[in-house]
Amino acid sequence: MDPNFVQGLHNLLVQTTSNDTVVLKAATAQLNQDYYKNPACISALASIITSSPDQAIRQLAAVELRKRVAHNSGNLWTLISQDEREQIKTKFPELILGESSNPVRHSAARVVAAIAAIEVPMGTWPQLLPFLQQTCTSPNASHREVGMFMLYTALENIVEGFQDQLTSLFQLFSQTLADPDSLEVRITTARAMGVIAQFIDADEKAYLAQFQALLPGMIQVIGQCVESSNEAGARNLFDVLETLLILEVPLLSKVIPDLVEFLLRCGGNRAYDGELRILALNALNWTVQYKKSKLQSFGLAPSILEHLMPLTTEEEPEDVDEDAPSRSALRIIDGLATNLPPMQVFPALRTLIVQYFSSQDPAQRRGAMLALGIAVEGCSEFMTPLMGEVWPIIEAGLQDIDASVRKATCIAVSCFCEWLEEECVAKHTVLIPAIMNLINDSATQRSACTALDALLEILADVIDQYLQLIMERLSGLLETAPIPVKSVVTGAIGSAAHASKEKFIPYFEPTMQRLQHFLVLTGEGEEIELRGITMDAVGTFAEAVGKDHFRPYFPTMMTQAFEGIEMGSARLRECSFLFFGVMARVFGDEFAGYLPQVVPPLIASCTQDEGTEEVTTSDPNSAFNSGLSASNAIPVSDEADVNGLPTEELEDVDLDKLLDVNSAIAVEKEIAADTIGMLFNATQAHFLPYVEQCTLELVKLLAHYYEGIRKSALDSLLEIVRTFYDLSDHQEWEAGATVTVPLAPTVKDLIGHVLPALMEMYETEDNKSVVSALCVHLAETINKIGPAFVEGQLEPICGIAIQILEQKAFCQQDPDQDEEEEAPEAQAEYDSVLVSSAGDLVAALANALGGDFAPAFGRFFPLIAKYYKKNRSLSDRSSAIGCLAEIIAGMKNAVSPSTEPLLELFYQALSDTDAEVLSNAAFAVGLLTEYSEVDLSPQYLHLLGALRPLFVVTSDSPASKLNAKDNAAGAVARLIVRNTAAVPLDQVLPVFVEALPLKNDYLENRPVFRAIFHLVQTNGAVLGPYMDQLLRVFAVVLDPNGPDQVGDDIRAELIQLIGVVNAQDPAKIQAAGLSAFVPGA
């Protein structure tokens, strides 16, 4: 080795540590040009590491040596002589043991790992593993630390090369996990376990057992880190734990109860460092997400809740973005509610909430209220019948003497409004006055405005009685409140406009005047947020008051939106995109002129760089400590030197900052993708020049790491397909497996680009809400385009529905459940939503295929029917019967062979305790009677008896009961038309006519009036006693000031009937107020 070369390299390394940037840049350039391309630099750097007196230079040399060895698949390393390579391999590991500096030892150990990555797979370094094993058991603790770190870094690079040594490694780990002197050895052992875990297959039972035997020791080491406040060690080990949680191999299955107990103990101990407690609680959150079947089978939810509730009473930091144990605890409660069957969660939580809310300590009352609000998302259906017990707690919370409890109650009300709309609207007389009072109190003003915003969003016509009071109060706050309050007030005014629609017109002009100056704010943070919310609100005003009232503001507001795009804020771009979508809906063709300015920024957003290479590391969970979704992979941009090597270690990257930036851009992309489909639908043919480019970009987004973007992309793609089909010159399609009405070639080509991409996305889609959206939007598209849409893709589309109904879709897979094992019947409410959406897809396929769906029905019927059992949730029972009803509507007569088992199931459903199920069951038996070729008249009396209780309603009955009554009327009508002689009309008609007019389900007016017309034609006298009542019904359904209740065909036939009655008895027609409808009048 040339001493001058070594000395020159050493001198340049020293210069790169200079504060003088000119010197640093010159030295770096010379290193890259004269040294780092020369294989001799490898031996020279190794010499510097072992001989330089300067620790910083030794470490720098080690970092550079690792890069040179690893560069270009080890090209430089293989260019040095065999003797030099052997010398480095023999001496370098030994020399590291004598290094006094820990950072240098670690950097040098990574050099060993880089060399091992080249040599071990080729079988040219058999001495390495015995050396490392010997070093890891050395009497010298510092040697053990270095040896274990070298082993860990070597495993990170080449675990495959050590796979035949796993048993001996596990034996070694059993010793080093219990190292008597060094916590560092124990920590590094656990990290090495995390690396090996990723290469153990589920069928390697012996390795699984050996690994699982080490887990109690690993958990103990995590505890030691937390107890000794070793934050770096704890972070590394919680990362390992989270890796184990998301692996598909069920490594942790047997220790889940112990692990949960340990994490609760760490997270709940206030003596421990707050950051470490949050790490433990975030790990518990991942346990809930990824090991839910084990939590369910062990029944751990009540115990977890009992330990979490005390944490909800701890103080929260002022900064909403700052984490705290209390926030982590609420996140876990949310996870339990959304991932487990509500029966396992809410009863235990309700007991704790009642206990905590009755406490004298306001912190306990506040914690109870926050827990109640956070749980509603996952338990809303389960909670609905229990709301009589919940409302008194809410009402008391709104009046609580402590402001923090009142604020927490406002948060809970906001959650309730999102998930329990009907129940909240029914409580408006209590909620609105209480919330308006809290708006007057500066301590609760902002939270109360947020609650009011959520409530106004759902009030609809009920707002009329409050609108003046609300607008007066909120308009005043726009002048006086601080900016954060102005933001929520502006949002609430937008919701008031949404609810009141044209009744908002008197308030529109003055409100626009008050909001104008918010639209020119440019300050970072609060000002930008207020500007964005104002833009959203103005869009809502436009939809409420209509285009004629809004037109004077249209050009100016579009200019404001374009300015928002140019301000460098992802939030403002998002708001501008939302505004474009609303304006396109409101103005339609008038918006088309803006498309050349609007579409390019949308496409630019969809294609923009997010920062951008994904982190590639042996530890895929390095960013998991945020407690966010696992699918939010964190992209990290690596700066590179002239050789394309990273200049920045992963540890130096600010992942939290990257997460903030990326999440803002991701939400912007989500809105951009969603807006594209909306614009095409609104502007129709004007958008055609942009369809191809938009489609190509949206298809690319189907593989994005953020689930919101994937969902928006698939939604827009199918919206584009449907709109493109509408614009094509198409005829009505005919049901059947064979396409008899072909698509236009351009439509077929578009489907050929979109549908295979969606099928491919589904195969690896791990997010249930995305799969649910895919099913719903596929169903909508199939119903519009018919069998031609599924041509060539029928099997895979059926496969999606079958997999979901069997609970075997990729997004439903649970590594802790054996393949042969049946999924548990009790499931989370979100799982029920997914199953229901699969039912929509099956019904759409039946609609498109008609009678040709019969062979597939044999496969689908048992899969759907299993969801109707008494112990299944309301959602499962209701969607199963509703799905079968829709399938019958699609198959028509082809359902006949399955009549008997279907009727048997529907009889069960007609004795259900819930009105929603009864409604679907009534609809189903009516359709079965109408379409089946089996004569069901012998069943009529039994069926009529089962339907009779559904007619017993009062004016204040809940919507579900009124709906059931309407569907029962439709069913009776179908029975009458199918076989009038089998119906005891003298008993049935009084009840049937009394049930009219229908109040909720106007679609059932079709069979109802078909039955009336049928009776008029076949047995007119039988309707004589009821004609006065029927004429009053006719007046209601024909009222031009009301909604269309009957459609054109029935309206025409009804008017014809009125003419006949008028000819016989004009006084009756006049008394009923129907004279205007007499033909020729």
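A residue is called buried when its relative accessible area is under 20%, exposed when that area is over 50%, and partly exposed in between. Keep these cut-offs in mind during the tour, and remember that the model on your screen is a predicted one.

Begin by selecting Glu1053, which you will find in helix 50, the helix that covers residues 1047–1064. Its relative accessible area is 33%, and because this value lies between the two cut-offs, Glu1053 is partly exposed. With Glu1053 still selected, add Phe1013 and Gln1017, both of which Glu1053 touches when residues up to four places away in sequence are not counted. Then add Arg1010, which is 43 residues from Glu1053 in sequence, while the C-alpha atoms of the two residues are 9.6 Å apart in space.

Next, select Thr980, which sits in the loop that runs between helix 46 (959–978) and helix 47 (985–994). Is Thr980 buried or exposed? Thr980 has a relative accessibility of 18%, which is under 20%, and therefore it counts as buried. To see what surrounds this residue, show Leu975, Leu985, His1014 and Leu1015, which Thr980 touches if residues up to four places away in sequence are again left aside.

For the last stop, move to Glu418, whose place is in helix 21, made up of residues 403–419. Here the relative accessibility is 53%, and because this is over 50%, Glu418 counts as exposed. Now extend the selection to Glu421, Glu422 and Glu457, and you will have on screen the residues that, together with Glu418, gather in a patch of negative charge on the surface.

Conventions: Residues numbered from 1 in each chain as written. Predicted model: local features only at pLDDT ≥ 70, side-chain atom pairs only at ≥ 80, totals over all residues. Heavy atoms only, no water. Patch = residues over 30% accessible without salt bridge, like charges linked within 9 Å, V, L, I, M, F, W, Y side chains within 5 Å. Areas by Shrake-Rupley, 256 points an atom, 1.4 Å probe, with all protein chains shown as cover. Salt bridge = Lys/Arg side-chain N within 4 Å of Asp/Glu carboxyl O. Lys, Arg positive; Asp, Glu negative; His and termini not counted. Charge placed at Lys NZ, Arg CZ, Asp CG, Glu CD. Helix = DSSP H or I, 4+ residues; strand = E, 2+ residues; numbered from the N terminus. Buried < 20%, exposed > 50% of the residue type's maximum accessible area, 1.4 Å probe, protein only. Contact = heavy atoms within 4.5 Å.
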